[in-house]
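Here are some short exercises, each with a worked solution. Keep the model open beside you and try each task before reading on.

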Amino acid sequence: MSGVPADEPSGRADRLWAAARRRRLDRLQKIVINPLDKLAFALRIPPPGDALLETIGRRTGRPRVTPVCDGADGDTFWIIAQHGRSTDYVRNIEASPRVRVKGSLSRTGWRTGTAHILDDDAAERVRALSRGNHWRQLCLEASGSIATDPLTVRVDLDPR
């Protein structure tokens, strides 16, 4: 017990370092990883375990495509948003819940559905989704390593 409050000064330094790390990783993901993922889908060689989520921009009204982990499970598609409600696509879903998803593992093309933001245990959802699917597990582990506030999104897919 040094008498120094928990958030002073090393606590503040840790928070600043964590924020800087998140900004660097987010920039890497936005500038390098996501464009490569989208290109792989365009070339019809999607990375196993990855998927694309299309939402409608809450301000522009234009389609926005974001790489996510392939959470296809029958007529339900699960997504774990890395940064919770501050994630752009989650805010788009809050404004307009109709979405499209395209998984790499299913090879069925785009499917439409309605997204629902859940207040469940995202860590438990990750464990459940990781069982039995090695590629999805790798994607979820990589995504989870930079997650700050994981949030579950369930997409109820329309019947085919």
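**Exercise 1.** Classify D156 and its salt-bridge partner R154 as buried, partly exposed or exposed.

*Solution.* Start with D156: its relative accessible area is 28%, so it is partly exposed. The cut-offs are under 20% relative accessible area for buried, over 50% for exposed, and partly exposed in between (1.4 Å probe, protein chains only). Next take R154, which at 23% is partly exposed. The two side chains meet in a salt bridge, with 2.9 Å from N to O. A salt bridge here is a side-chain nitrogen of Lys or Arg within 4 Å of a carboxyl oxygen of Asp or Glu. Finally, look at R58, D88 and R91: salt bridges with shared partners join them into one network.

A word on the ground rules: this is a predicted model, where local features need pLDDT of at least 70 and side-chain atom pairs count only at pLDDT 80 or more, while totals for chains, interfaces and linings use all residues. Residues are numbered from 1 along each chain as its sequence is written, and side-chain values use heavy atoms, leaving out hydrogens and water.

**Exercise 2.** Find the salt-bridge partners of R111 and D119, and say where each residue sits.

*Solution.* Begin with R111, whose salt bridge is to D75, with the closest N and O atoms 3.1 Å apart. This pair links distant parts of the chain, 36 residues apart: R111 lies in strand β6 and D75 in the loop between β3 and β4. R111 is buried at 9% relative accessible area, whereas D75 is partly exposed at 48%.

Now turn to D119, which meets R85 in a salt bridge (3.4 Å, N to O). Here too distant parts of the chain are linked, 34 residues apart: D119 is in the loop between β6 and α3 (122-130), and R85 in the loop between β4 and α2. D119 is exposed at 69%, and R85 is partly exposed at 39%. The count of salt bridges comes to 11.

**Exercise 3.** In what order do the strands of the sheet run, and which stand at the edges?

*Solution.* Helices (H or I, at least four residues) and strands (E, at least two) are DSSP runs, numbered from the N terminus; two strands pair if DSSP finds at least two bridges between them. Following the pairs gives an open sheet of 7 strands, β2-β1-β5-β6-β7-β4-β3, with antiparallel pairing. β2 (63-69) and β3 (72-73) stand at the edges with a single partner strand each, so one side of each lacks a neighbour in the sheet. β3 pairs with β4 (residues 76-81) over 2 bridges, and A72 has F77 in β4 as its bridge partner.

**Exercise 4.** Which side chains of β5 are buried, and which strands does β5 pair with?

*Solution.* First sort the side chains by face: V99, V101 and G103 point to one face and are buried, while R98, R100 and K102 point to the other and are not. Then check the neighbours. β5 is joined to β1 by 4 bridges, with V101 opposite L53. Another 4 bridges join β5 to β6, where R98 has T114 as its bridge partner.

**Exercise 5.** At what angles do helices α2 and α4 run to β1 and β2, respectively?

*Solution.* Angles run from 0 to 180 degrees between N-to-C directions, with axes fitted to C-alpha atoms, for helices over the stretch in contact (heavy atoms within 4.5 Å). Helix α2 (residues 88-95) runs at about 45° to β1. Helix α4 (residues 134-144) lies across β1, β2, β3 and β4, at about 105° to β2.
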